[in-house]
Amino acid sequence: MTTRIKVNESSLPLRKDVKQLGYILGEVLVHHGGQELLEKVEVIRKLSIELRNNNNESTYNALKAELEKLERPMRRQVIRAFSKYFHLVNVAEQIHRIRRRRDYQLQDDKGIQPDSIASAIQIFKQKNLTEAEIQDVLNTLSLELIITAHPTESTKRSILEIQKRIANLLKQSDNPLLTKKERKKIEEDLFNEITIMWQTDELRHSKPTVMDEVRNGLYYFEQTLFDVLPEIHQEVQDALQENYPNFEWKVPNFLTFGSWIGGDRDGNPFVTPEVTWQTLHKQNKLVIEKYKESVVDLMKRFSHSTNRVEVSSVLLETIDREEELYLAEDKRWPAKKEVYRRKLAVIFERLNQVGVSEKGYNDADELCQDLLLINDSIKSHQPIHHDEKSMHKLIRQVKLFGFHLATLDIRNHSGEHESAIAEILKKVHIAEDYKNLAEEEKVNVLEAILKDPRPILLLSEDYSKETQEMIKVFKMIREAHKKFGKRAIDVYLISMTQSPSDILEVLVLAKEAGIYRVHADGSVESNLNVAPLLETIDDLIAGPKIMETLFKLPVYREHLKQHNDQQEIMLGYSDGSKDGGTLTANWKLYKAQREIHEMASGYHIGLKFFHGRGGSLGRGGGPLNRSILSQPIETLGDGVKITEQGEVLSSRYLLEDIAFRSLEQATSTLLTAFAHITQNLDKHNDRRPVWETTMEEISAISLQKYQSLVFNDPDFMTYFKEATPLTEIGNLKIGSRPMSRKNKTSFEDLRAIPWVFAWTQSRQLLPAWYAAGTGLYEYAQGSANNMALLKEMYSNWPFFRSTVDNLQMALMKADLTTAREYSSLVEDQDIGQRIYTNIKDEYNKTQSILLQITGEEQLLDHTPSIQESVYRRNPYVDPLNFFQVELIKQLREQENPDPELMNQVLLTINGIAAGLRNTG
């Protein structure tokens with residue numbers, strides 16, 4: 001538990017902010033709880049720091065005594081005080097990240113920030129790439145980020161908005177030109193915001209509905225993404241123009257956002273076709289409103305007069321006609337010479353009428369054509385090298401967001417499709433017992449249906465409620481394509497894909513809804529991408545064979561031709577990690593990508609891998625740019641798709657500057673990776689065969705170690721359920737989806753999110769590191785040269801480096817001394833002590849081998865800012881963990897749980913999540 005902080009001089013402004021915010025919080029505590037509350041918090045804080053610095057029994061006992069003697073009302077206030085502190089620290093750290101970026105920008109050309117767009121362009125220059133080669137890179141580049149409603153954001157929206165206002169005040173306070181009066185005003189505003197934060201409930205009073213989650217997701221589009229996405233594209237354009245001024249650059253829409261919220265049906269009975277339709281409507285309404293705001297802004301600025309400039313004759317010809325057609329007299333711009341304002345008035349009214357009357361735009365392409373007409377005219381009289389970027393931005397936004405805002409993926413479980421198909425086929429006597437057919441027979445039946453233009457649905461047949469619901473889903477997709485455009489819903493994902501028939505079943509359902517059609521001449525029309533989700537270790541191993549079976553089917557190849565011979569495949573990081581441990585899961589994922597890509601190349605099929613990463617390390621989380629780099633380099637060429645889940649959304653996209661920096665890092669990483677590929681380097685040179693053989697051996701050892709505890713120890717589930725707050729987390733009300741599939745309590749049915757969330761709260765973080773140490777250690781012991789090979793892999797292989805660095809981060813956030821407190825919750829103490837000792841020994845082994853591989857003295861020595869952040873947070877998280885253990889102990893002794901005790905447990909869960917910046 002003892003820690004030693006290395007002073008990082010660059011963090012001095014951060015420490016100043018934290019000190020100021022902590023001081024204001026202290027004042028707020030005195031106002032609401034008196035001096036006694038502040039003194040209690042201070043005593044506990046100082047004892048916690050002392051325990052961290054000098055781990056001794058007397059300090060431990062003194063801290064426990066202080067915590068145990070608190071009366072209920074005071075205990076609640078103390079828990080809240082430590083939790084609020086973390087919300088403030090999180091804001092301060094984000095502002096410091098913005099500050100560091102500005103420091104780089106204020107330096108001369110030598111001060112290019114690592115992982116920036118400028119740094120990627122510098123690499124292009126160093127490698128002597130031609131303009132044509134760079135343009136080819138841009139044309140190939142594709143990064144799609146998908147926001148999800150996975151229930152891992154424990155911070156309420158109202159708290160997030162307070163944090164955003166505090167962040168803006170801290171940003172203002174960095175201005176050296178502030179007057180004394182202005183600085184005092186900022187301090188007063190900070191005090192008021194922290195007071196409001198204290199007076200705001202941290203916990204939700206009810207579970208969010210799906211539409212609540214939709215609104216929360218749309219918040220990020222409205223507040224940051226709508227503006228930041230075009231700015232990233234413009235940054236690339238500007239950087240290229242500056243460094244290669246003699247080339248006409250065309251930067252395509254390489255970076256886009258999609259969503260699952262309102263479309264993810266897997267295990268969530270509340271996501272109905274009606275809810276999905278409502279979601280699409282809300283997205284459409286928001287994007288139209290954003291366009292209208294932009295048009296109004298342009299109308300204020302575009303006061304050009306034909307008395308001063310000569311405008312496009314084509315534009316002039318359209319205005320009179322369109323005013324007659326679309327505008328009532330009182331809505332026309334009064335000044336005839338201000339032609340851009342006249343045209344924008346037409347555009348505004350047509351946006352007003354979208355979905356209301358025939359005067360509205362039919363699609364986003366029509367709107368884009370009108371904007372391009374204005375833009376072309378402006379170019380004719382705008383000074384050279386001084387583009388009118390506000391119009392460029394709106395045009396880019398229309399191309400990025402269309403009238404749908406974000407492409408909505410639909411996801412459902414393979415078993416749901418199979419049940420519907422079995423009933424439909426039985427009704428028309430094609431297969432009496434489809435479910436029990438051999439896989440080859442299933443494929444033959446489905447292939448024959450897909451070749452036949454005739455439908456198999458009976459119009460008036462009384463199908464079961466579940467089958468009717470499934471049919472409604474596909475009919476809703478067809479209607480969505482008509483109303484919002486085909487980009488509104490582009491991909492249908494199949495959870496637990498275990499065979500080729502799982503994918504063909506969805507195509508059959510699409511055929512019955514008219515989304516997939518076979519014409520009389522045999523030609524095929526397919527308007528829905530169908531993507532398997534490979535989740536478990538076994539599914540990942542079977543993945544290449546499943547896909548090859550499909551690629552050999554002529555009917556499936558016809559479907560792929562409609563999608564430019566590109567297949568999307570989603571890879572699940574959560575369930576694989578839960579089944580086989582993080583190291584084995586990550587290796588099997590890497591290997592599956594490489595093998596499927598190699599097989600697909602033989603059929604001339606491009607692959608887009610969709611990485612279902614969670615926010616936490618135990619579910620494939622970590623920095624976005626590192627996630628991209630850790631993939632096999634040859635798989636990046638067909639595009640990358642990654643989920644952005646839960647607390648990741650607020651940490652990356654709440655503040656515009658942070659959103660820009662996160663997306664800039666991802667863009668820079670992709671550009672740099674493509675620079676290596678473009679130079680005709682061996683696409684496999686990011687690894688050596690011996691490294692892969694080594695990983696295979698390490699993975700096998702690690703898997704055996706992991707399963708010996710998780711699957712083969714009969715007492716493991718008892719330990720997990722009793723030595724973590726798993727049961728209590730279910731009361732947190734942070735998501736619309738149930739904690740387990742089919743409301744069962746078995747390990748198999750438990751979702752990965754509560755699995756990771758519970759281990760994180762208890763500071764054991766087992767899913768993020770357990771068994772990796774044994775795999776690495778036993779391999780290192782196998783030969784005198786093995787350690788040198790592991791060091792070589794860490795230095796030269798991005799996948800292995802990312803794996804090791806994520807393991808370091810997990811060990812930093814874990815704390816086995818604190819975790820020992822949770823082992824005391826296990827009713828049978830023999831079980832508690834035995835399994836805790838197993839976990840602790842593995843932790844020590846993992847830490848030792850990682851430090852040997854990296855050559856560092858302490859974990860994360862290579863990232864001092866993160867290291868310092870974890871060190872400084874730990875003493876403030878510890879009291880919350882101690883509180884949590886004691887409260888859970890009391891709660892579980894009660895036959896009828898005390899609501900106030902439960903409430904205080906939930907407050908500790910919320911505070912620990914904020915302190916560790918991770919939930920599930």
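## Buried share and overall form

Buried residues make up 59% of the 920 residues in this chain. The model is predicted. Its radius of gyration is 29 Å, which agrees with the value near 29 Å expected for a compact globule of 920 residues. The C-alpha trace spans about 85 × 80 × 60 Å along its principal axes.

The chain holds 35 helices and 11 strands. Among contacts with a separation of 6 or more, 82% link residues that sit 24 or more positions apart. The accessible surface comes to about 37600 Å². Carbon and sulfur atoms account for 48% of that surface.

## The sheet

Nine strands form an open sheet. Their order is β3-β2-β1-β11-β10-β9-β8-β5-β4, and the pairing is parallel. The edges belong to β3 (407–408) and β4. Each has a single partner strand, so one side of each is left without a neighbour in the sheet.

Further in, strand β9 (residues 566–572) runs parallel to strand β10 (residues 606–612). Seven bridges join these two strands. One of the paired positions is Gly-572, whose bridge partner in β10 is Gly-612.

## Strand β5 and its two neighbours

Strand β5 covers residues 491–495, and five of its five residues are buried. Val-491, Leu-493 and Ser-495 point one way from the strand. Tyr-492 and Ile-494 point the other way. Both sets are buried.

β5 has a parallel partner in strand β4 (residues 410–413), joined by four bridges. It also pairs with strand β8 (residues 529–534), again in the parallel sense and over four bridges. Tyr-492 takes part in both pairings: Ile-410 has Tyr-492 as its bridge partner in β5, and Tyr-492 has Val-530 as its bridge partner in β8.

## A buried glutamine in helix α5

Gln-135 is found in helix α5 (residues 131–140). Where does the side chain of Gln-135 reach? It comes to the backbone oxygen of Lys-250, at 2.7 Å.

Lys-250 is also among the contacts of Gln-135 beyond its neighbours within four places in sequence. The others are Phe-247, Glu-248 and Trp-249. The relative accessible area of Gln-135 is 11%. The cut-off for buried is under 20%, so Gln-135 counts as buried.

## Salt bridges across the chain

Side chains of opposite charge can pair when their charged atoms come close. A search of the whole structure finds 65 salt bridges. One of them joins the side chains of Glu-821 and Lys-64, at 3.1 Å from N to O. Glu-821 lies in helix α32 (residues 816–823) and Lys-64 in helix α2 (residues 57–68), so the pair ties together parts that are 757 residues apart in sequence. Glu-821 and Lys-64 are both buried.

There is also a network of salt bridges. It links Arg-52, Arg-763, Asp-815 and Asp-878.

## Salt bridges between residues close in sequence

Lys-185 forms a salt bridge with Asp-189, and their closest N and O atoms are 2.8 Å apart. Why are Lys-185 and Asp-189 separated by about one helical turn? Because they are four residues apart in helix α7 (residues 180–198). Lys-185 is partly exposed, with a relative accessible area of 45%. Asp-189 is at 21% relative accessibility and also counts as partly exposed. Buried would require a value under 20%.

Another salt bridge joins the side chains of Lys-511 and Glu-512, at 3.5 Å from N to O. Are these residues buried or exposed? Lys-511 counts as buried, at 8% relative accessibility. Glu-512 is buried too, with a relative accessible area of 14%.

Definitions and conventions. Residues are numbered from 1 along each chain as its sequence is written. This is a predicted model: local features need pLDDT of at least 70, side-chain atom pairs count only at pLDDT 80 or more; totals for chains, interfaces and linings use all residues. Side-chain values use heavy atoms; hydrogens and water are left out. Buried means under 20% relative accessible area, exposed over 50%, partly exposed in between (1.4 Å probe, protein chains only). Two strands pair if DSSP finds at least two bridges between them. A polar contact is a pair of N or O atoms within 3.5 Å; within protein, one must be able to donate a hydrogen and the other to accept it, and residues adjacent in sequence count only if both atoms are side-chain atoms. Contact means heavy atoms within 4.5 Å. The radius of gyration is taken over C-alpha atoms; the globule rule is 2.2 Å times the number of residues to the power 0.38. Accessible areas come from the Shrake-Rupley method with a 1.4 Å probe; for residues, only the protein chains shown count as cover. A salt bridge is a side-chain nitrogen of Lys or Arg within 4 Å of a carboxyl oxygen of Asp or Glu.
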